[in-house]
Amino acid sequence: MHRQRAAKEVTLLDYGAGNVRSVRNAIKKLGYSIKDVSKPSDIAAADKLIFPGVGAFGQAMDVLQQKDYVQPLVDYIQSGKPFFGICLGMQLLFEGSTESGGREGLGLIAGTVDHFDTSRGLPVPHIGWNTLDQLRASDLLASAAPSDRVYYVHSYRAMPQEANVDWVLATSYYGEDFVAAVCKGNAMATQFHPEKSGTLGLNILRGFLEPESAEARAAAADANARQLAGLAAPEGPDRGLAKRVIACLDVRSNDNGDLVVTKGDQYDVREKEGERDVRNLGKPVELAARYFDEGADEVAFLNITGYFDEGADEVAFLNITGFRDCPLEDLPMLGVLQAASERVFVPLTVGGGIRGFSAAGKDYPALTVAAEYFRSGADKVSIGSDAVLAAEEYYAAGCKTNGSTAIEQISEVYGKQAVVVSIDPRRVYVKDPAETKHTCVKASEPGPEGEAWCWWQCTVKGGREGRDIDAIQLAKAVEAMGAGEIMLNCIDNDGKGQGFDLALVDAVSKAVTIPVIASSGAGAPKHFTEVFQSTGAAAALAAGIFHRKEVGIIEVKQHMAGNRVPARIAA
């Protein structure tokens, strides 16, 4: 009996950075118990070791050195016992990285990890679902057919070269071929996140944990059958990074204090008739699980308590659950994340209240708040109004950063890919661009007084207050501070179902080198295809049309694929 229990146990090297809860949940879903490394000797004692890495290369090496894990880890891998590294856990195997000012790694694989080449015109970080080019057969990737996609989120990559050919198992393409997976003996690692790659990712983890199991063999047979059916060697839009379709859940407390998913029309979330109750479209965890099953590429939880509420006697920025006043005590929202991460194996983003605060005479920086959400299952945090105020200070200081903003603090520790900035702009029409210092574009339709031009004014407090900064200025500022992605809303289009603001998305995506998520206005599958074909958007987001089942996620992806827009369509 003891032997059977040990065979179903895996040791996890969690050094305290990023969302490791998802890895834990994936391991448990496959029927394994987890033993955590708490001292160097735990590494040597492990039968199977998984090392998930998130964040910056230099900080990870610092932690490994401070805890005296470096030599035990190297010895373990060289011993031939089963090892699996994830993302940064793969990069650290190389000789070093140019990240963090240049640092040495564990030195097991030849080569230096370097930043993606932004001169190629592709957004960085590399975020989303990409195909794998397998260079040889393996148990680890036996369940992956050539057309399958896995989830990446990283700014640095290792390159295949003659000196590491004995390690490189697979590559992916993003302007160039980079190392996607390595394997030598029982030592394996992936740049992508299997715990965030849906059912395929779980099967890849199973390929490491129990390659001889009936489930692993069945998954491999299925992949082989799909390959023989003509899905080998994809080219064109079927190879490389897919455009992402994101399901967004606006979460807030209703009048009874229950957390519900709602949806506003131009940010008004109350019913238009009757007693003006908060519009209730379902429970957060159940809806998130549904979207995972339906093929959403990511799920975003945006806590919108405090948005403009016409049904209230006054406008308040206090969440009934305590989310705004004291985020670390917001047990209901943390509980939503924890429960969702047990059922949803694609990336989770959470937004609302990611800021520093003081309570009981103690200061809690934004970094501490974000850490709590990462530990609860979030992969990214979204920052809204505070980003606008930070950008104003950035420009007032002559475009200089000072390291004090939430964006800078979080990206420094967890990496820029963990920080999303949500921009809430509305159109301001002008007759002549000379009337304003802000970047103007030709309006798609005339303004209320026949104005031919417009710019997009950023807002705070859920769209209630406009600021003297435009969406393009804000996007450039937050990129300089270290944001890794922009969620670009549009108050004018929100809830109308007439399509995204293409001019806005195009202008912002051209102004920055980080990925842009188009949001607000989707009403039909063609709107997703349209925004991808007409702009540089890396992803597109919708809420109400998915909640109400007016449009299905698979319908959106089939429309995209039918129009040569790369999409992840799960087998």
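This is a short chat about a helix pair, a capped helix and a strand residue in a predicted model.

Trainee: What should I keep in mind about this predicted model?
Mentor: Local features need pLDDT of at least 70 and side-chain atom pairs count only at pLDDT 80 or more, while totals for chains, interfaces and linings use all residues. Residues are numbered from 1 along each chain as its sequence is written, and side-chain values use heavy atoms, with hydrogens and water left out.

Trainee: OK, at what angle do the axes of H16 and H18 cross?
Mentor: Roughly 45 degrees, and the axes of H16 (residues 525-534) and H18 (residues 553-562) come within 8 Å. Axes here are lines fitted to C-alpha atoms over the stretch in contact, with angles from 0 to 180 degrees between N-to-C directions.

Trainee: Which residues make that contact?
Mentor: Pro525, Lys526, Phe528, Thr529 and Phe532 of H16 meet Glu555, Val556, His559 and Met560 of H18; contact means heavy atoms within 4.5 Å.

Trainee: Switching to H14, how many of its residues are buried?
Mentor: Eight of eleven in H14 (residues 471-481), where buried means under 20% relative accessible area with a 1.4 Å probe, protein chains only. Among them are Ile472, Leu474 and Glu479.

Trainee: And what caps the N-terminal end of H14?
Mentor: Asp470 does, with a side-chain oxygen 3.0 Å from the backbone nitrogen of Ile472. Just after H14, Gly482 has a positive phi of about 120 degrees.

Trainee: Last one: is Thr349 buried or exposed?
Mentor: Buried, with a relative accessible area of 3%. Thr349 sits in strand S18 (residues 348-351). Beyond neighbours within four places in sequence, Thr349 has contacts including Phe301, Lys380 and Val420.

Conventions: Helix = DSSP H or I, 4+ residues; strand = E, 2+ residues; numbered from the N terminus. Buried < 20%, exposed > 50% of the residue type's maximum accessible area, 1.4 Å probe, protein only. Polar contact = N/O pair within 3.5 Å; in protein donor to acceptor, adjacent residues only side chain to side chain.
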